[in-house]
Protein chains: 2
Amino acid sequence: MSRLIEPRTMSGFRDYSPAVMIPRERILQTARDVYRSFGFAPIDTPACESLDVLLGKGGDESDKLVYRVRGAKQEKEEMGLRFDLTVPFARFAAKNINELGTPFKRYAMGPVWRGERPGQGRYREFWQCDFDTIGTTSNASDIETILVVNELFTKLEIPRFEIRVNSRAILNGLLQSLGIADRAAALLRSLDKLAKIGREKVIEEMVAEANLSAEQAGQVLDLATMAGTNSEILDQLQSRLPENDGVRRLRELLAIVPGISLDLSIARGLEYYTGIIFETFLLDLPTIGSVCSGGRYDNLASLYTKQVLPGVGGSLGVDRLLAAMEELKHPWLTGASSPAQVLVFNLGAEHLGEYQKLAKTLRDAGLAVEVFPDAKKLGQQFQYAEKRGHRVGVIAGEQEIASGTVKVKDLTKKEEATVPVVDFIATVKRVLQ
Amino acid sequence: MSRLIEPRTMSGFRDYSPAVMIPRERILQTARDVYRSFGFAPIDTPACESLDVLLGKGGDESDKLVYRVRGAKQEKEEMGLRFDLTVPFARFAAKNINELGTPFKRYAMGPVWRGERPGQGRYREFWQCDFDTIGTTSNASDIETILVVNELFTKLEIPRFEIRVNSRAILNGLLQSLGIADRAAALLRSLDKLAKIGREKVIEEMVAEANLSAEQAGQVLDLATMAGTNSEILDQLQSRLPENDGVRRLRELLAIVPGISLDLSIARGLEYYTGIIFETFLLDLPTIGSVCSGGRYDNLASLYTKQVLPGVGGSLGVDRLLAAMEELKHPWLTGASSPAQVLVFNLGAEHLGEYQKLAKTLRDAGLAVEVFPDAKKLGQQFQYAEKRGHRVGVIAGEQEIASGTVKVKDLTKKEEATVPVVDFIATVKRVLQ
């Protein structure tokens with residue numbers, strides 16, 4: 001016998017077993033439903049892009065994260081695996097926008113790959129789930145973006161979440177009013193770490209990285225952590241920055257979307273944001289950080305086309321959210337490893353036609369139903385149902401079939417009733433309620 | 001200004017725009033729903049596997065198809081992109097089956113990559129959509145597999161399809177009865193081409209490749225193209241091969257599943273099938289070949305584990321099916337590039353709150369609704385709606401808003417009615433019917 005190959009996954013890559021995939025598919029389906037309900041259309045782009053499309057976007061450090069792909073026959077051009085969905089979307093838009101027309105609203109979901117050192121909760125392959133509106137500068141699209149996020153977390157049945165918004169236009173205005181607008185990039189990178197490292201460390205970093213005095217850094221932080229209700233903060237901003245368009249846009253947003261927080265310390269790392277920026281926090285697990293973030297940018301695809309494509313969008317961190325839901329014992333994570341609620345037990349191969357008929361009746365009523373394939377001992381079939389998480393057992397032996405009845409067993413409460421086949425859908429549905 | 005990067009896709013790779021993605025997502029969702037309704041559970045495995053897991057499965061030729069992946073920092077081990085979902089499933093099963101237990105029913109959907117020469121309808125990245133039951137030899141699972149395929153094509157709203165079944169056990173029995181069982185592999189590869197190249201060429205190939213006389217090859221083909229109803233063929237087989245288990249299993253199958261055809265010329269190329277094999281044809285487009293195929297195998301994961309894992313399953317050719325549906329003018333391919341049926345027109349930024357309220361009312365009633373972001377000329381908004389494929393326009397200017405009404409416009413028939421806001425859901429739904 002030849003030696004076995006070890007069936008391992010590569011470092012930083014992982015399998016998803018059913019107990020995790022079932023809630024993960026539910027999250028993705030919820031996002032898909034919400035995005036579509038606002039008129040965002042699905043697109044898909046290849047996993048592999050040419051290296052010149054992928055490289056040079058975020059400097060040498062980020063280029064080192066890009067996996068190289070080549071054919072065994074030595075393809076002429078080397079390719080790379082996409083490291084996010086934004087670069088492929090920019091490339092897609094530059095290639096297709098004339099045909100598609102603007103405004104263009106798309107969502108995309110799929111894996112991305114980064115050759116980083118793997119760690120606790122950090123993988124080399126993970127999913128992104130993005131939506132964007134491009135080809136318009138209208139505040140209506142900013143507002144809609146926040147409405148989408150709000151609807152998404154409502155439909156995800158997360159009871160306590162908070163969307164925090166800010167505006168790059170406002171942050172830049174404030175830095176300008178302090179006379180330090182030229183150091184915006186470094187300052188916003190430091191500010192972005194406030195929740196993680198605290199005020200003192202941020203001040204130290206601003207002094208070191210952006211060449212501020214400690215007093216100036218303190219002023220930046222005082223502004224960024226300005227306290228008050230949304231309208232108190234807006235009024236203060238209005239008086240400091242009377243002409244700032246970001247203030248007007250956020251005021252409109254806050255008038256239409258209830259329950260969100262204006263938080264001037266939200267900075268977002270990426271340099272390409274120019275207008276609204278937002279993050280979404282789970283109030284019962286704030287330490288996990290933002291699970292859905294995004295903002296407005298002036299020009300999506302300037303590397304690939306002269307056509308100016310302003311836009312606004314967001315990205316759901318699917319794997320981070322799933323980890324959070326696990327920690328929060330969210331009701332979607334039932335531990336079940338079968339999508340079927342009902343198991344039809346197998347008491348003999350000769351009854352298979354009958355079992356499939358019973359299963360079909362339940363499927364036609366909208367239930368997911370599994371028929372056990374082998375006529376094993378009932379005890380083994382009960383163990384299987386318990387392991388998989390089925391909630392109802394349908395049991396029919398010779399006697400039941402002869403008398404036109406079935407046993408319907410509540411597998412949680414261990415109660416059973418023998419009912420006529422004509423009634424059994426109602427009984428099964430009652431147990432499932 | 002720096003030079004623009006050409007926003008191209010690599011040879012053999014492609015973008016999916018909304019008009020194609022919308023029906024493609026519907027196909028995937030239908031497959032997901034059908035697989036789940038039979039109790040198949042989702043799993044996911046990484047795109048990248050170690051090269052020793054991927055290579056050496058189908059000989060040198062197929063090894064050349066495997067894309068190599070390496071990190072820019074020179075990872076220790078080279079990886080490859082999966083070329084199908086079966087090898088990763090075998091690896092997954094070997095790794096996880098002790099924890100998961102058997103029988104284990106899974107589905108998986110995702111892209112696979114093959115470095116082949118691209119051609120008409122042949123891409124280097126394409127999707128597979130597989131389902132399998134492993135850990136049981138029961139005929140109940142063979143029968144269920146065919147029921148799943150039948151349900152799938154019914155739910156895909158394909159009016160005329162045919163599932164053709166055969167059995168490797170029967171084919172081997174027939175070859176044995178002719179005394180040429182030792183040449184089964186070559187013979188079945190030739191037989192598999194019958195529909196494509198015709199009887200004469202298959203005989204030529206059998207003579208050349210399997211060292212048969214032309215008379216023997218003719219006998220093989222006579223058996224493989226045996227005419228008659230399912231039960232006539234079964235009776236003939238029964239008398240030729242009285243002890244053959246494949247005959248018994250197919251007889252059980254045909255008694256339970258109506259409307260499928262026994263076709264002894266179905267051979268399937270792959271050597272690892274041992275029991276039932278099947279293919280699915282679209283009767284209005286037979287030239288496209290099988291769009292869903294599979295069969296039973298004796299041992300899924302013998303390269304990775306000593307645990308014997310027999311199974312049965314099938315694979316839906318998503319991209320081939322999509323191409324076929326396009327050619328057949330299937331009603332799911334509407335050409336619409338928005339998932340929203342309704343467009344709320346924008347007659348002024350000051351009404352945005354009102355528009356979002358109208359949209360939310362319709363969304364809560366289960367409709368997908370887009371709000372146009374800019375107060376552009378109405379003509380431009382109508383053009384947008386026509387291009388995207390919206391079917392209903394909701395139009396509210398100052399006058400309508402003041403009087404608590406909206407205009408509901410049937411964008412196909414170009415008819416409109418002004419109705420009170422309290423009634424407008426019913427009007428919109430009526431137009432959509």
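**View 1. The exposed face of helix H9(B), in a predicted model.** On the face of H9(B) that is turned away from its buried side sit the exposed residues Glu200(B) and Ala208(B), where exposed means that 12 or fewer other C-beta atoms lie within 10 Å of a residue's own, buried means 20 or more, partly exposed lies in between, and C-beta atoms are placed from the backbone. This is a predicted model, in which local features need pLDDT of at least 70 and side-chain atom pairs count only at pLDDT 80 or more, while totals for chains, interfaces and linings use all residues. Residues are numbered from 1 along each chain as its sequence is written, and chains are lettered from A and ligands numbered from 1 in the order in which they are written.

**View 2. The buried side of helix H9(B).** The buried residues of this helix are Val202(B), Met206(B) and Ala210(B). Because they cover an arc of only 40° around the axis (taken from the directions from the helix axis to the C-beta atoms), they lie on the same side of H9(B). Just after the helix, Asn211(B) takes a positive phi of about 60°.

**View 3. Strand E6(B) and its partners.** Eight of the 10 residues of strand E6 (residues 125-134) of chain B are buried, so the strand is largely enclosed by the rest of the structure; strands (E, at least two residues) and helices (H or I, at least four) are DSSP runs, numbered from the N terminus. Strand E5 (residues 104-113) of chain B runs antiparallel to E6(B) and is joined to it by 10 bridges, and Arg106(B) stands opposite Asp132(B) in E6(B).

Conventions. Pairing = 2+ DSSP bridges.
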